[in-house]
Number of protein chains: 2
Amino acid sequence: MGRTREFSPESVVQKAMVAFGQNGYTATSITDLLEETHLARGSLYGAFGDKRQLFRAALEKYDQENFQAMEQLFAKRGPVKKILSKWLNHPFDTTDVCTRQACLMFRAAMELAPHDPEIDQWLKGAFERYQNLLVKLLQRGKASGELRPGLNCKVAARYLGCSMHGLKSMRTMYPDCAELPAAAQMVLKAL
Amino acid sequence: MGRTREFSPESVVQKAMVAFGQNGYTATSITDLLEETHLARGSLYGAFGDKRQLFRAALEKYDQENFQAMEQLFAKRGPVKKILSKWLNHPFDTTDVCTRQACLMFRAAMELAPHDPEIDQWLKGAFERYQNLLVKLLQRGKASGELRPGLNCKVAARYLGCSMHGLKSMRTMYPDCAELPAAAQMVLKAL
DNA sequence: AGCATTCTTGACCGATCAGTCATCAATTCC
DNA sequence: GGAATTGATGACTGATCGGTCAAGAATGCT
(Lines give C-alpha, C1' and ligand atoms only; values in the text may rest on other atoms or scores of the structure.)
Protein backbone atom coordinates (compact mmCIF):
# COMPACT_ATOMS: atom_id res chain seq x y z
CA MET A 1 0.00 0.00 0.00
CA GLY A 2 1.05 3.58 -0.41
CA ARG A 3 2.95 5.29 -3.18
CA THR A 4 5.63 3.27 -4.89
CA ARG A 5 9.24 4.33 -4.54
CA GLU A 6 10.55 6.01 -7.66
CA PHE A 7 14.23 5.15 -7.19
CA SER A 8 16.24 2.07 -6.39
CA PRO A 9 17.80 2.34 -2.95
CA GLU A 10 20.63 0.09 -4.11
CA SER A 11 21.68 2.46 -6.86
CA VAL A 12 21.66 5.29 -4.36
CA VAL A 13 23.86 3.28 -2.02
CA GLN A 14 26.12 2.54 -4.95
CA LYS A 15 26.49 6.21 -5.77
CA ALA A 16 27.00 7.06 -2.12
CA MET A 17 29.71 4.40 -1.96
CA VAL A 18 31.57 6.04 -4.83
CA ALA A 19 31.13 9.56 -3.47
CA PHE A 20 32.24 8.63 0.06
CA GLY A 21 35.11 6.64 -1.38
CA GLN A 22 36.32 9.63 -3.38
CA ASN A 23 35.87 12.42 -0.87
CA GLY A 24 35.48 10.81 2.52
CA TYR A 25 32.61 10.99 4.97
CA THR A 26 32.79 14.54 6.27
CA ALA A 27 33.72 16.14 2.97
CA THR A 28 30.79 14.51 1.19
CA SER A 29 27.73 16.59 1.99
CA ILE A 30 24.14 15.48 1.76
CA THR A 31 23.71 18.16 -0.89
CA ASP A 32 26.47 16.51 -2.93
CA LEU A 33 24.68 13.19 -2.73
CA LEU A 34 21.37 14.76 -3.68
CA GLU A 35 22.89 16.28 -6.80
CA GLU A 36 24.37 12.99 -7.84
CA THR A 37 21.29 10.93 -7.16
CA HIS A 38 18.76 13.52 -8.37
CA LEU A 39 16.76 12.89 -5.24
CA ALA A 40 14.82 15.32 -3.10
CA ARG A 41 16.16 15.85 0.38
CA GLY A 42 13.25 14.23 2.16
CA SER A 43 13.34 11.15 -0.05
CA LEU A 44 16.89 10.37 0.92
CA TYR A 45 16.22 10.88 4.61
CA GLY A 46 13.02 8.88 4.36
CA ALA A 47 14.85 5.95 2.85
CA PHE A 48 18.06 5.92 4.86
CA GLY A 49 17.48 7.77 8.11
CA ASP A 50 20.53 9.99 8.26
CA LYS A 51 23.97 10.49 6.80
CA ARG A 52 25.66 8.03 9.08
CA GLN A 53 23.22 5.24 8.29
CA LEU A 54 23.63 5.86 4.59
CA PHE A 55 27.35 5.64 5.04
CA ARG A 56 26.99 2.36 6.88
CA ALA A 57 24.91 1.00 4.02
CA ALA A 58 27.57 2.09 1.55
CA LEU A 59 30.27 0.60 3.74
CA GLU A 60 28.48 -2.72 3.98
CA LYS A 61 27.91 -2.83 0.26
CA TYR A 62 31.57 -2.13 -0.34
CA ASP A 63 32.54 -4.86 2.08
CA GLN A 64 30.10 -7.35 0.62
CA GLU A 65 31.33 -6.85 -2.93
CA ASN A 66 34.98 -6.97 -1.96
CA PHE A 67 34.64 -9.94 0.31
CA GLN A 68 32.61 -11.92 -2.15
CA ALA A 69 35.12 -11.39 -4.94
CA MET A 70 37.92 -12.44 -2.63
CA GLU A 71 36.03 -15.51 -1.46
CA GLN A 72 35.39 -16.60 -5.02
CA LEU A 73 39.00 -16.11 -6.03
CA PHE A 74 40.32 -17.94 -3.00
CA ALA A 75 37.98 -20.86 -3.57
CA LYS A 76 39.57 -21.66 -6.91
CA ARG A 77 41.78 -24.67 -7.32
CA GLY A 78 45.44 -24.46 -8.18
CA PRO A 79 48.59 -23.10 -6.56
CA VAL A 80 48.02 -20.78 -3.64
CA LYS A 81 50.71 -18.42 -4.86
CA LYS A 82 48.97 -18.06 -8.20
CA ILE A 83 45.77 -17.12 -6.43
CA LEU A 84 47.57 -14.62 -4.21
CA SER A 85 49.29 -13.18 -7.23
CA LYS A 86 45.95 -12.56 -8.90
CA TRP A 87 44.64 -11.06 -5.69
CA LEU A 88 47.55 -8.69 -5.31
CA ASN A 89 47.34 -7.63 -8.94
CA HIS A 90 43.65 -7.00 -8.81
CA PRO A 91 44.06 -3.27 -8.10
CA PHE A 92 46.08 -2.96 -11.31
CA ASP A 93 44.56 -5.27 -13.89
CA THR A 94 41.13 -3.68 -13.81
CA THR A 95 40.73 -0.47 -15.72
CA ASP A 96 38.96 1.09 -12.83
CA VAL A 97 36.36 3.76 -13.41
CA CYS A 98 37.46 6.08 -10.66
CA THR A 99 41.15 5.88 -9.96
CA ARG A 100 41.05 8.12 -6.92
CA GLN A 101 38.69 5.75 -5.16
CA ALA A 102 40.18 4.80 -1.83
CA CYS A 103 39.24 1.74 0.18
CA LEU A 104 36.07 2.75 1.92
CA MET A 105 36.81 0.55 4.90
CA PHE A 106 40.08 2.28 5.62
CA ARG A 107 38.49 5.64 5.10
CA ALA A 108 35.90 4.71 7.68
CA ALA A 109 38.57 3.40 9.99
CA MET A 110 40.50 6.64 9.88
CA GLU A 111 37.68 9.12 9.80
CA LEU A 112 34.90 7.59 11.89
CA ALA A 113 36.15 4.70 13.99
CA PRO A 114 37.97 6.92 16.52
CA HIS A 115 34.73 8.55 17.66
CA ASP A 116 32.18 5.94 16.61
CA PRO A 117 32.50 2.75 18.68
CA GLU A 118 29.82 0.96 16.70
CA ILE A 119 31.56 1.44 13.37
CA ASP A 120 34.88 0.73 15.03
CA GLN A 121 33.67 -2.64 16.24
CA TRP A 122 32.02 -3.50 12.95
CA LEU A 123 35.22 -2.68 11.11
CA LYS A 124 37.32 -4.82 13.42
CA GLY A 125 35.01 -7.75 12.77
CA ALA A 126 35.07 -7.13 9.04
CA PHE A 127 38.86 -6.96 8.90
CA GLU A 128 39.08 -10.20 10.81
CA ARG A 129 36.94 -11.87 8.16
CA TYR A 130 39.49 -10.91 5.52
CA GLN A 131 42.30 -11.99 7.79
CA ASN A 132 40.67 -15.39 8.33
CA LEU A 133 40.19 -15.86 4.62
CA LEU A 134 43.89 -15.26 4.11
CA VAL A 135 44.83 -17.60 6.95
CA LYS A 136 42.72 -20.36 5.48
CA LEU A 137 44.30 -19.99 2.06
CA LEU A 138 47.78 -20.02 3.54
CA GLN A 139 47.00 -23.12 5.58
CA ARG A 140 45.86 -24.80 2.41
CA GLY A 141 49.18 -23.91 0.83
CA LYS A 142 51.01 -25.38 3.77
CA ALA A 143 48.96 -28.55 3.76
CA SER A 144 49.64 -29.11 0.07
CA GLY A 145 53.36 -28.62 0.62
CA GLU A 146 53.47 -25.54 -1.57
CA LEU A 147 54.42 -23.25 1.32
CA ARG A 148 57.19 -24.01 3.77
CA PRO A 149 56.04 -25.79 6.96
CA GLY A 150 57.59 -23.16 9.21
CA LEU A 151 55.37 -20.39 7.91
CA ASN A 152 53.31 -18.63 10.55
CA CYS A 153 49.99 -18.29 8.78
CA LYS A 154 48.55 -15.63 11.04
CA VAL A 155 51.58 -13.43 10.72
CA ALA A 156 51.79 -14.03 6.99
CA ALA A 157 48.11 -13.19 6.60
CA ARG A 158 48.64 -9.92 8.43
CA TYR A 159 51.64 -9.25 6.24
CA LEU A 160 49.56 -9.81 3.13
CA GLY A 161 46.77 -7.62 4.43
CA CYS A 162 49.19 -4.79 5.06
CA SER A 163 50.78 -5.22 1.68
CA MET A 164 47.46 -5.19 -0.09
CA HIS A 165 46.40 -2.04 1.67
CA GLY A 166 49.69 -0.35 0.93
CA LEU A 167 49.46 -1.24 -2.74
CA LYS A 168 45.90 -0.04 -3.02
CA SER A 169 46.69 3.23 -1.32
CA MET A 170 49.62 3.91 -3.58
CA ARG A 171 47.60 3.00 -6.60
CA THR A 172 44.96 5.50 -5.53
CA MET A 173 47.54 8.25 -5.44
CA TYR A 174 49.71 7.19 -8.36
CA PRO A 175 47.40 5.49 -10.82
CA ASP A 176 50.16 5.40 -13.38
CA CYS A 177 53.10 4.37 -11.23
CA ALA A 178 54.93 1.82 -13.36
CA GLU A 179 56.68 0.01 -10.52
CA LEU A 180 53.60 -0.87 -8.54
CA PRO A 181 52.59 -4.09 -10.34
CA ALA A 182 56.15 -5.33 -10.03
CA ALA A 183 56.13 -4.36 -6.37
CA ALA A 184 52.94 -6.38 -5.96
CA GLN A 185 54.81 -9.41 -7.31
CA MET A 186 57.58 -8.88 -4.79
CA VAL A 187 55.15 -9.33 -1.94
CA LEU A 188 54.92 -13.04 -2.67
CA LYS A 189 58.65 -13.57 -2.36
CA ALA A 190 58.42 -13.25 1.40
CA LEU A 191 56.22 -16.33 1.73
CA MET B 1 58.47 47.25 15.95
CA GLY B 2 54.95 46.61 17.10
CA ARG B 3 53.63 44.27 19.74
CA THR B 4 55.49 41.04 20.34
CA ARG B 5 53.79 37.73 19.55
CA GLU B 6 52.61 35.94 22.65
CA PHE B 7 52.68 32.40 21.28
CA SER B 8 55.13 30.28 19.37
CA PRO B 9 53.87 29.60 15.85
CA GLU B 10 55.79 26.32 15.84
CA SER B 11 53.92 24.94 18.82
CA VAL B 12 50.66 25.89 17.12
CA VAL B 13 51.73 24.05 13.98
CA GLN B 14 52.68 21.10 16.16
CA LYS B 15 49.24 20.98 17.72
CA ALA B 16 47.59 21.44 14.36
CA MET B 17 49.66 18.55 13.05
CA VAL B 18 48.37 16.28 15.78
CA ALA B 19 44.76 17.42 15.41
CA PHE B 20 44.74 17.07 11.63
CA GLY B 21 46.45 13.72 11.93
CA GLN B 22 43.81 12.45 14.30
CA ASN B 23 40.66 13.80 12.69
CA GLY B 24 41.57 14.77 9.16
CA TYR B 25 41.38 18.12 7.44
CA THR B 26 37.65 18.68 7.03
CA ALA B 27 36.65 17.24 10.38
CA THR B 28 39.10 19.45 12.25
CA SER B 29 37.45 22.85 12.61
CA ILE B 30 39.18 26.12 13.29
CA THR B 31 37.23 26.22 16.54
CA ASP B 32 38.77 22.89 17.53
CA LEU B 33 42.22 24.28 16.89
CA LEU B 34 41.47 27.44 18.83
CA GLU B 35 40.41 25.43 21.85
CA GLU B 36 43.54 23.36 21.75
CA THR B 37 45.91 26.26 21.21
CA HIS B 38 44.10 28.73 23.49
CA LEU B 39 44.40 31.30 20.76
CA ALA B 40 41.94 33.95 19.72
CA ARG B 41 40.46 33.53 16.30
CA GLY B 42 42.11 36.58 14.79
CA SER B 43 45.55 35.62 16.09
CA LEU B 44 45.49 32.33 14.29
CA TYR B 45 44.33 33.89 11.05
CA GLY B 46 46.83 36.68 11.44
CA ALA B 47 49.68 34.23 11.81
CA PHE B 48 48.74 31.58 9.25
CA GLY B 49 46.36 33.11 6.74
CA ASP B 50 43.69 30.45 6.49
CA LYS B 51 42.94 26.85 7.31
CA ARG B 52 44.54 25.44 4.21
CA GLN B 53 47.80 27.29 4.79
CA LEU B 54 47.92 26.11 8.38
CA PHE B 55 47.41 22.59 7.16
CA ARG B 56 50.24 22.99 4.69
CA ALA B 57 52.48 24.18 7.49
CA ALA B 58 51.52 21.16 9.58
CA LEU B 59 52.05 18.89 6.60
CA GLU B 60 55.49 20.28 5.93
CA LYS B 61 56.47 19.95 9.56
CA TYR B 62 55.31 16.35 9.57
CA ASP B 63 57.27 15.66 6.42
CA GLN B 64 60.36 17.39 7.69
CA GLU B 65 60.45 15.44 10.94
CA ASN B 66 59.75 12.13 9.27
CA PHE B 67 62.19 12.64 6.47
CA GLN B 68 64.95 13.81 8.75
CA ALA B 69 64.59 10.80 11.02
CA MET B 70 64.67 8.51 8.02
CA GLU B 71 67.69 10.25 6.56
CA GLN B 72 69.58 9.93 9.81
CA LEU B 73 68.72 6.27 10.17
CA PHE B 74 69.64 5.49 6.58
CA ALA B 75 72.97 7.28 6.92
CA LYS B 76 74.15 4.86 9.58
CA ARG B 77 76.78 2.27 8.81
CA GLY B 78 76.15 -1.43 8.96
CA PRO B 79 74.01 -3.93 7.08
CA VAL B 80 71.26 -2.42 4.97
CA LYS B 81 68.80 -5.04 6.14
CA LYS B 82 69.41 -4.10 9.74
CA ILE B 83 68.65 -0.49 8.95
CA LEU B 84 65.50 -1.42 7.05
CA SER B 85 64.45 -3.63 9.91
CA LYS B 86 64.73 -0.73 12.30
CA TRP B 87 62.85 1.47 9.90
CA LEU B 88 60.00 -0.99 9.50
CA ASN B 89 59.76 -1.53 13.23
CA HIS B 90 59.73 2.13 14.02
CA PRO B 91 55.92 2.33 14.15
CA PHE B 92 55.94 -0.34 16.86
CA ASP B 93 58.91 0.25 19.08
CA THR B 94 57.94 3.77 20.08
CA THR B 95 55.31 4.05 22.74
CA ASP B 96 53.50 6.65 20.74
CA VAL B 97 51.41 9.24 22.49
CA CYS B 98 48.45 9.12 20.18
CA THR B 99 47.93 5.73 18.65
CA ARG B 100 45.19 6.83 16.33
CA GLN B 101 47.48 9.25 14.62
CA ALA B 102 47.47 8.50 10.92
CA CYS B 103 50.18 9.52 8.48
CA LEU B 104 49.38 13.12 7.69
CA MET B 105 50.76 12.84 4.19
CA PHE B 106 48.41 10.04 3.26
CA ARG B 107 45.54 11.86 4.87
CA ALA B 108 46.35 14.85 2.71
CA ALA B 109 46.69 12.66 -0.33
CA MET B 110 43.27 11.14 0.16
CA GLU B 111 41.36 14.13 1.39
CA LEU B 112 42.86 17.12 -0.40
CA ALA B 113 45.01 16.08 -3.33
CA PRO B 114 42.05 15.14 -5.57
CA HIS B 115 40.77 18.72 -5.62
CA ASP B 116 43.93 20.65 -4.75
CA PRO B 117 46.51 20.46 -7.53
CA GLU B 118 49.08 22.37 -5.54
CA ILE B 119 49.02 19.96 -2.61
CA ASP B 120 48.82 17.07 -5.02
CA GLN B 121 52.01 18.12 -6.72
CA TRP B 122 53.79 18.86 -3.49
CA LEU B 123 52.87 15.42 -2.17
CA LYS B 124 54.10 13.70 -5.30
CA GLY B 125 57.43 15.42 -4.91
CA ALA B 126 57.61 14.57 -1.23
CA PHE B 127 56.86 10.91 -1.81
CA GLU B 128 59.54 10.77 -4.44
CA ARG B 129 62.06 12.04 -1.91
CA TYR B 130 61.27 9.07 0.33
CA GLN B 131 61.38 6.76 -2.66
CA ASN B 132 64.81 8.09 -3.64
CA LEU B 133 66.10 7.62 -0.15
CA LEU B 134 65.03 4.00 -0.26
CA VAL B 135 66.55 3.49 -3.70
CA LYS B 136 69.86 4.87 -2.53
CA LEU B 137 69.95 2.59 0.49
CA LEU B 138 69.12 -0.43 -1.63
CA GLN B 139 71.82 0.46 -4.13
CA ARG B 140 74.26 0.63 -1.28
CA GLY B 141 73.18 -2.85 -0.24
CA LYS B 142 73.69 -4.10 -3.75
CA ALA B 143 77.10 -2.49 -4.07
CA SER B 144 78.27 -4.09 -0.85
CA GLY B 145 77.09 -7.49 -2.00
CA GLU B 146 74.54 -7.76 0.78
CA LEU B 147 71.59 -7.72 -1.61
CA ARG B 148 71.39 -9.91 -4.70
CA PRO B 149 72.64 -8.26 -7.90
CA GLY B 150 69.39 -8.94 -9.75
CA LEU B 151 67.34 -6.79 -7.40
CA ASN B 152 65.44 -3.97 -9.08
CA CYS B 153 66.02 -1.13 -6.65
CA LYS B 154 63.22 1.09 -7.88
CA VAL B 155 60.67 -1.68 -7.67
CA ALA B 156 61.97 -2.81 -4.30
CA ALA B 157 61.84 0.75 -2.99
CA ARG B 158 58.24 1.03 -4.07
CA TYR B 159 57.54 -2.29 -2.44
CA LEU B 160 59.06 -1.09 0.81
CA GLY B 161 57.13 2.17 0.66
CA CYS B 162 53.87 0.29 0.23
CA SER B 163 54.74 -2.09 3.04
CA MET B 164 55.59 0.72 5.40
CA HIS B 165 52.37 2.51 4.68
CA GLY B 166 50.35 -0.66 5.10
CA LEU B 167 51.99 -1.40 8.43
CA LYS B 168 51.47 2.13 9.71
CA SER B 169 47.83 2.11 8.70
CA MET B 170 47.18 -1.19 10.40
CA ARG B 171 48.99 -0.05 13.48
CA THR B 172 46.79 3.05 13.58
CA MET B 173 43.70 0.89 13.62
CA TYR B 174 44.95 -2.01 15.71
CA PRO B 175 47.48 -0.55 18.11
CA ASP B 176 47.62 -3.85 19.96
CA CYS B 177 47.71 -6.29 17.09
CA ALA B 178 50.32 -8.84 18.12
CA GLU B 179 51.17 -10.08 14.63
CA LEU B 180 52.15 -6.72 13.19
CA PRO B 181 55.77 -6.53 14.35
CA ALA B 182 56.32 -10.04 13.04
CA ALA B 183 54.65 -9.03 9.79
CA ALA B 184 57.04 -6.11 9.58
CA GLN B 185 59.93 -8.55 9.76
CA MET B 186 58.45 -10.58 6.93
CA VAL B 187 58.72 -7.62 4.61
CA LEU B 188 62.48 -7.99 4.47
CA LYS B 189 62.32 -11.58 3.30
CA ALA B 190 61.28 -10.44 -0.14
CA LEU B 191 64.53 -8.59 -0.74
C1' DA C 1 -15.37 6.92 -4.64
C1' DG C 2 -13.22 7.53 -0.27
C1' DC C 3 -9.80 6.54 3.00
C1' DA C 4 -5.31 5.14 4.78
C1' DT C 5 -0.73 4.78 3.70
C1' DT C 6 3.59 5.72 1.63
C1' DC C 7 6.57 8.53 -1.15
C1' DT C 8 8.04 13.27 -3.18
C1' DT C 9 9.16 17.80 -2.74
C1' DG C 10 11.36 21.91 -1.23
C1' DA C 11 10.94 25.44 2.15
C1' DC C 12 12.70 25.87 6.49
C1' DC C 13 15.49 25.29 11.05
C1' DG C 14 19.25 25.84 14.33
C1' DA C 15 24.02 24.85 14.46
C1' DT C 16 28.32 25.30 12.80
C1' DC C 17 31.55 26.39 9.32
C1' DA C 18 35.65 29.40 7.54
C1' DG C 19 36.87 33.91 7.44
C1' DT C 20 36.67 39.32 8.53
C1' DC C 21 37.19 43.41 11.03
C1' DA C 22 36.91 47.20 14.36
C1' DT C 23 38.81 47.95 18.75
C1' DC C 24 42.18 47.69 22.11
C1' DA C 25 46.92 46.49 24.07
C1' DA C 26 51.78 46.26 23.70
C1' DT C 27 56.09 47.49 21.69
C1' DT C 28 59.65 50.55 19.18
C1' DC C 29 61.33 54.72 17.38
C1' DC C 30 61.99 59.55 17.74
C1' DG D 1 55.61 61.15 25.82
C1' DG D 2 53.57 60.88 21.32
C1' DA D 3 53.29 58.58 16.72
C1' DA D 4 53.51 54.41 14.19
C1' DT D 5 53.19 49.65 13.97
C1' DT D 6 52.00 45.05 15.10
C1' DG D 7 49.55 41.56 17.85
C1' DA D 8 45.22 40.20 20.62
C1' DT D 9 40.49 39.78 20.98
C1' DG D 10 35.83 38.32 20.12
C1' DA D 11 31.67 39.91 17.98
C1' DC D 12 30.02 39.43 13.51
C1' DT D 13 29.02 37.69 8.53
C1' DG D 14 27.33 34.92 4.82
C1' DA D 15 27.49 30.26 3.47
C1' DT D 16 26.77 25.70 4.29
C1' DC D 17 25.99 21.94 7.22
C1' DG D 18 22.73 17.90 8.70
C1' DG D 19 18.13 17.26 9.62
C1' DT D 20 12.78 18.27 9.88
C1' DC D 21 8.24 18.86 8.32
C1' DA D 22 3.94 20.27 6.14
C1' DA D 23 1.78 19.84 1.88
C1' DG D 24 0.79 17.40 -2.32
C1' DA D 25 0.93 13.12 -5.32
C1' DA D 26 0.50 8.30 -6.09
C1' DT D 27 -0.90 3.76 -4.67
C1' DG D 28 -3.94 -0.18 -2.51
C1' DC D 29 -7.94 -1.58 0.20
C1' DT D 30 -12.83 -1.57 1.00
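Q: Which way do α6(A) and α7(A) cross, left-handed or right-handed?
A: Their crossing is left-handed, a label for the near helix being turned anticlockwise from the far one by less than a right angle. Helices here are DSSP runs (H or I, at least four residues), numbered from the N terminus.

Q: Which residues make that contact?
A: On α6(A), Met105(A), Ala108(A) and Ala109(A); on α7(A), Ile119(A), Leu123(A) and Ala126(A). Contact means that C-beta atoms, placed from the backbone, lie within 7 Å.

Q: Is this a predicted model, and how is stuff numbered?
A: It's predicted, so local features need pLDDT of at least 70 and side-chain atom pairs count only at pLDDT 80 or more, while totals for chains, interfaces and linings use all residues. Residues are numbered from 1 along each chain as its sequence is written, with chains lettered from A and ligands numbered from 1 in the order in which they are written.

Q: OK, DNA now. How many residues surround strand D?
A: 24, and the closest are Ser29(A), Gly42(A), Gly2(B), Arg3(B) and Gly42(B). To be near, a residue needs its C-beta atom, placed from the backbone, within 6 Å of the strand.

Q: Which helix gives the most there?
A: α3(B), with four residues.

Q: Switching again: what rotation puts chain A on chain B?
A: One of 180 degrees with 0.0 Å of shift along its axis, at RMSD 0.1 Å, superposing by least squares on C-alpha atoms of residues with pLDDT of at least 70 in both. The two copies are thus related as by a two-fold rotation axis.

Q: And why say the copies meet through the same surface?
A: Because 100% of the interface residues of chain A are also interface residues in chain B.

Definitions and conventions
Helix = DSSP H or I, 4+ residues; strand = E, 2+ residues; numbered from the N terminus. Contact = placed C-beta atoms within 7 Å.
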